[in-house]
Amino acid sequence: MTKRPLAAVALAAALAVGAAACGGTTKNSTSGDAAKGAATSGAKANPNAPLKKGLKLAFLPKQVNNPYETIVDNAGIDGAKEFGGTAKEVGPSDASASSQISYINTLIQQRMDAILVAANDPNAVCGPLKQAMSRKIKVVAYDSDASKDCRDVFINQASSEEIGRSEIKVMSDLIGGKGKIAILSATANATNQNTWIDFMKDELKKPEYSGIQLVKVAYGDDDDQKSFQQTQGLLQAYPDLKGIIAPTTVGIAAAARYIDGSKYKGKVAVSGLGTPNQMRKFVKDGTVAKFELWDPKNLGYLASYAAAALASGQITGAQGETFKAGKLGERTIGKDGEVILGPPTVFDKSNIDNYNF
């Protein structure tokens, strides 16, 4: 999730790979102007259009071995079955910025109706995603946004501002409003992580958090072992650290595991974003008092219906358009093509056994 700038040379290389996607069997051949996307194509929405049958969707997560991403994508695949479509998950085993590009190129050649991507980097995937859009393939970003001009809509777990600010509020409560804290993020270029962290930093400027000092933002690259080692490094560098915020399901589990087996248990608070099943042990043994997340199944389900609505012409991604998302009801597209799932849930000993994901 766990799941955000690269050098100009790397970006140029990514765009070059995207340009190579012009070859092969594609949905339609169009002029370069069409690559600007639905927002500028003049497409008109028909909210009364029926959902097309037989739609082909592909989920491209940050990495396929991320348990959180698996939950999201499987729910989206199940959602596609409800409206008579088919969906699959494909993707890299690492979360590097350029690792998703070859998969996008392949999906273009397979003539998918929609590509759903949790971007490892908002810009690196833009070249091939624009090529997909130029061939009338709809692009839905979910979990972690791509740049606005290379996707049709973004399915956001919750308000990015709400997530970032609430993370600070939770940590402040855990450490009594005083002490040094660190952030253990995913990759340095992950869109969602960086947006949340920006709001965390802004929240810390408020007078009520004057006793809290953010000493470092570390990156575990959504890799369990690296996140574990980064946690160890933080405690070695800052032995008086009071708390670690890990806004990534891989990171929070790794941090909790390290703290659980160390002398820092009961002294260093761990919070962030995790799933109840992965965090249950740590909550019950006192390593973690509370953490947050939304329902990842609903995230994938909503993304699937948004892709179907786009591919069926019910919406174009413009602000104010609405579509029906199965059991989740009607949803409205907000500014910049964003659709928000809902507010995060705080999990602790009192409610964690009520959830199973």
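The legends below accompany close-up views of a predicted model.

**Figure 1. Overview of the predicted protein and its secondary structure.** The protein holds 10 helices and 14 strands, and among its 357 residues 55% are buried. Its accessible surface amounts to about 14,100 Å², and carbon and sulfur atoms account for 50% of that area. The views that follow take up two strand pairs, a disulfide, a helix and two buried residues.

**Figure 2. Parallel pairing of strands E1 and E2, with the helix that connects them.** Strand E1, residues 56-60, and strand E2, residues 86-89, run parallel and are joined by 4 bridges. Within this pair, Leu57 lies opposite Ala87 of E2. On leaving E1 the chain passes through helix H2, residues 67-82, before it enters E2, and the resulting β-α-β crossover is right-handed.

**Figure 3. Parallel pairing of strands E6 and E7, with helix H6 in the connection.** A total of 7 bridges links strand E6, residues 179-185, with strand E7, residues 212-219, and these two strands run parallel. Lys180 has Gln213 of E7 as its bridge partner. The path from E6 to E7 leads through helix H6, residues 191-203, in a β-α-β crossover that is right-handed.

**Figure 4. The disulfide between Cys126 and Cys150.** The protein contains 1 disulfide, in which the sulfur atoms of Cys126 and Cys150 are 2.1 Å apart. The angle about the S-S bond is -85°, and the link between Cys126 and Cys150 is left-handed. Cys126 belongs to helix H4, residues 126-134, whereas Cys150 sits in the loop between strand E4 (138-142) and strand E5 (153-156), so that the pair, 24 residues apart, links distant parts of the chain. Both cysteines, Cys126 and Cys150, are buried.

**Figure 5. Helix H9 and the elements against which its buried residues pack.** In helix H9, residues 276-284, the buried residues are Pro276, Met279, Arg280, Phe282 and Val283. The buried residues of H9 pack against helix H8 (249-260) and also against two strands, E10 (291-293) and E14 (345-347). Just beyond the end of H9, Gly286 adopts a positive phi of about 85°.

**Figure 6. Surroundings of Val288 in the loop between H9 and E10.** Although Val288 is located in a loop, the one between H9 and E10, its relative accessible area is 0%, and because residues under 20% are classed as buried, Val288 counts as buried. Once its neighbours within four places in sequence are set aside, Val288 is in contact with Ala256 and Val270, and also with Met279, Phe282 and Val283, and these last three are among the buried residues of H9. The C-alpha atom of Val288 is 9.5 Å from that of Lys349, a residue 61 positions away along the chain.

**Figure 7. Asn156 in strand E5 and its polar contact with Glu338.** Asn156 is placed in strand E5, where its relative accessibility is 1%, and it is therefore classed as buried, the limit being under 20%. The side chain of Asn156 makes a polar contact with the side chain of Glu338, at 2.7 Å. Apart from neighbours within four places in sequence, the residues in contact with Asn156 are Leu299, Glu338, Val339, Ile340 and Leu341, so Glu338 appears both in this set and as the polar partner of Asn156.

Technical notes: Residues numbered from 1 in each chain as written. Predicted model: local features only at pLDDT ≥ 70, side-chain atom pairs only at ≥ 80, totals over all residues. Heavy atoms only, no water. Pairing = 2+ DSSP bridges. Right-handed = clockwise from strand over helix to strand, strands pointing away. Buried < 20%, exposed > 50% of the residue type's maximum accessible area, 1.4 Å probe, protein only. Areas by Shrake-Rupley, 256 points an atom, 1.4 Å probe, with all protein chains shown as cover. Disulfide = S-S within 2.5 Å. Contact = heavy atoms within 4.5 Å. Polar contact = N/O pair within 3.5 Å; in protein donor to acceptor, adjacent residues only side chain to side chain.
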